[in-house]
Amino acid sequence: AMVPAMERITNLGGYAIRFGHNPEKKLQTDNPKIIDYAFSGRNEFLDVFLSAKALFFIGNTSGPIQLPKLFDTPYAMCNLIAYGHMSPHPNSLFIPKTVSNTEGILLNFDECSDLGMFVSDGTNIFYDTKRYNELGLSINDNSPEDILGLTNDMLNFIQGKSTSKETQNWQKIFKDRYYLGNIDRHDAGNLAPSFIETHFKLF
């Protein structure tokens with residue numbers, strides 16, 4: 001799912017480095033500027049060094065995403081699930097996984113909120129796939145197109161390009177509607193503009 005986004009970076013003249021610890025298989029690409037670091041001499045020093053020096057970092061909610069935060073490296077989170085985990089830094093963006101019911105219809109954010117998916121304390125049981133299974137719900141990973149959109153959003157972000165007033169308004173609405181209990185919500189990261197545009201029916 002990440003390769004089209006990595007190709008985008010290399011087409012602009014950069015290098016795309018794939019992090020990971022014991023992934024199941026190598027990336028399927030012959031692009032010399034895409035480095036499958038997970039299979040190429042990964043070590044703890046390089047984990048830290050690359051996170052500090054990267055132009056930006058795209059990850060999910062697993063451990064490696066903590067590294068760029070330490071160095072104020074701009075970052076984005078994809079495949080966010082149990083929506084209560086808000087990206088805390090203002091120099092970040094995020095996109096969530098989507099959730100479908102038994103008929104394959106996507107739940108909108110209001111329906112997810114009614115189920116308790118936006119609970120932000122340690123009681124949020126939607127971090128466990130067991131809860132989704134019990135409710136007959138399916139979790140959908142972000143598509144390659146979603147992640148490519150997030151990558152383009154990050155490129156715009158680090159270049160200082162502002163988003164439209166309409167998008168900024170929807171980012172604010174999203175926080176005020178679902179993270180009202182978080183007093184620092186407007187100093188935190190934002191839902192990616194491309195996700196808002198592509199998945200507007202979730203609002």
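Helices here are DSSP runs of H or I at least four residues long, numbered from the N terminus. With that in hand, remember that you're looking at a predicted model, and start by selecting Q168, which lies in helix α7.

**Stop 1: Q168.** Colour Q168 by accessibility and you'll find a partly exposed residue, at 34% relative accessible area. Now add S120: 48 residues separate Q168 and S120 in sequence, and C-alpha to C-alpha the gap in space is 23 Å.

**Stop 2: all of α7.** Extend the selection to residues 165-178, the 14 residues of α7. From first C-alpha to last, α7 reaches 20 Å, close to the 20 Å expected at 1.5 Å a residue. Next, show side chains for T167, W170, Q171, F174, K175 and Y178, the buried residues of α7. They sit on the same side of α7 because they cover an arc of only 135° around its axis. The spacing follows a familiar rule: with 3.6 residues a turn in an α-helix, residues three or four places apart point the same way.

What lies over that buried side? Select β5 (92-96), α4 (109-115), β8 (190-191) and α8 (193-198), which are among the elements covering it. Then spin to the face turned away from the buried side, where the exposed residues K165 and E166 sit.

**Stop 3: α1 against α6.** Select residues 3-11 (α1) and 144-158 (α6): their axes come within 7 Å and cross at roughly 30°. The crossing is right-handed. For the contact itself, show P4, A5, R8 and I9 from α1, which meet P144, I147, L148, T151, N152 and L155 from α6. By class, that contact has seven nonpolar, two polar and one charged residues.

Notes
Residues are numbered from 1 along each chain as its sequence is written. This is a predicted model: local features need pLDDT of at least 70, side-chain atom pairs count only at pLDDT 80 or more; totals for chains, interfaces and linings use all residues. Side-chain values use heavy atoms; hydrogens and water are left out. Helices (H or I, at least four residues) and strands (E, at least two) are DSSP runs, numbered from the N terminus. The expected span of a helix is 1.5 Å times one less than its number of residues. Buried means under 20% relative accessible area, exposed over 50%, partly exposed in between (1.4 Å probe, protein chains only). The arc is that of the directions from the helix axis to the C-beta atoms. Contact means heavy atoms within 4.5 Å. Axes are lines fitted to C-alpha atoms, for helices over the stretch in contact, and angles run from 0 to 180 degrees between N-to-C directions. A crossing is left-handed if the near helix is turned anticlockwise from the far one by less than a right angle, and right-handed if clockwise. Ala, Val, Leu, Ile, Met, Phe, Trp, Tyr, Cys and Pro count as nonpolar, Asp, Glu, Lys and Arg as charged, and the others, Gly among them, as polar.
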